[in-house]
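Got your viewer ready? Load the model and follow along, one selection at a time.

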Amino acid sequence: MTDDIMYMGKLEAIKDIRGKTMQLEKLKGRLRQEVEVTENEERCLSEYKQEMELLLQEKMAHVEELRQIHADINLMESIIKQAEDDRNKSLDSAKRIHDEYKPLKDLIDKLRYEIGLNRLPELHEETTNITPDYFERPKSEWQSEAPEAAIPPTLSVASVAAPVQVARNKNERPQTTTFRQQPPPMKSCLSCHQQIHRNAPICPLCKAKSRSRNPKKPKRKYF
């Protein structure tokens, strides 16, 4: 009788161990699954961070390009204004000289007429670019065709660009910056077939994960 009780006790213990072992295997399977998901997400997270770094670098390149463009615009505005000032000064000087030239020529033509000589040729007859109405030309005053939009403080040319000397010689061309950003490397999304950044882990258009055509097989974990 005692042996039967011991046998039944061991049988119940075995059943209990078996049930708990099955529960343990289920927990082990869930644990492995969650660990695998965690590692996959960590790899994706690393790719996302790398893509973010590339995007930030690309953004800063465009910021620098825009800053250089604004610096070139400011430089050209200074040169245009200086050229206009020089042009207006020369035109005023030419008008004053013409005011002295015209009455003196009229007097000489009158004196020549009195002694039977032909008049002297007019300016436009000798020099084709000096027309009768040349000295009636208005002064030049350049204005921007469209108002320039305000740029953020981070792009302010005055705060980051070195002062630029304006060319004093009108025949000297300004040395403008030729910095231009190259287009980023692209690839085709395997889902929507649109062009996306080569290192993009997800497609920004269809939100599909951008997988390699020959993905590496993850190493199997053992516990």
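Here comes a short walk through some salt bridges and a surface patch. Keep in mind that this is a predicted model.

**Stop 1: a pair in the helix.** Start with K89 and D85, both in helix α1 and four residues apart, about one turn of the helix. Show their side chains: they meet in a salt bridge, 3.3 Å from N to O. K89 counts as exposed because its relative accessibility is 53%, over the 50% cut-off. D85 is partly exposed, with a relative accessible area of 36%.

**Stop 2: another pair, K102 and D106.** Select these two next; they also sit in helix α1, four residues apart. The closest N and O atoms of their salt bridge are 3.1 Å apart. D106 is partly exposed at 38%, and K102 is partly exposed at 36%.

**Stop 3: the nonpolar patch.** Switch to a surface view and pick L104, L107, I108, L111 and L120, which make a nonpolar patch of about 410 Å². Click on L107, which belongs to helix α1, residues 2-114. With 46% relative accessibility, L107 counts as partly exposed.

**Stop 4: a network.** Now go to E125 and R119, whose side chains form a salt bridge at 3.3 Å, N to O. E125 is partly exposed at 44%, and R119 is partly exposed at 45%. Which residues share a network with this pair through salt bridges? Add K105, D109 and E122 to the selection: salt bridges with shared partners join them with R119 and E125 into one network.

Before you close the session, hunt for the rest: the whole structure has nine salt bridges.

How values were computed:
Residues are numbered from 1 along each chain as its sequence is written. This is a predicted model: local features need pLDDT of at least 70, side-chain atom pairs count only at pLDDT 80 or more; totals for chains, interfaces and linings use all residues. Side-chain values use heavy atoms; hydrogens and water are left out. Patches are made of residues with over 30% relative accessible area and no salt bridge: like charges are joined within 9 Å, nonpolar side chains (Val, Leu, Ile, Met, Phe, Trp, Tyr) within 5 Å. Accessible areas come from the Shrake-Rupley method with a 1.4 Å probe; for residues, only the protein chains shown count as cover. A salt bridge is a side-chain nitrogen of Lys or Arg within 4 Å of a carboxyl oxygen of Asp or Glu. Buried means under 20% relative accessible area, exposed over 50%, partly exposed in between (1.4 Å probe, protein chains only).
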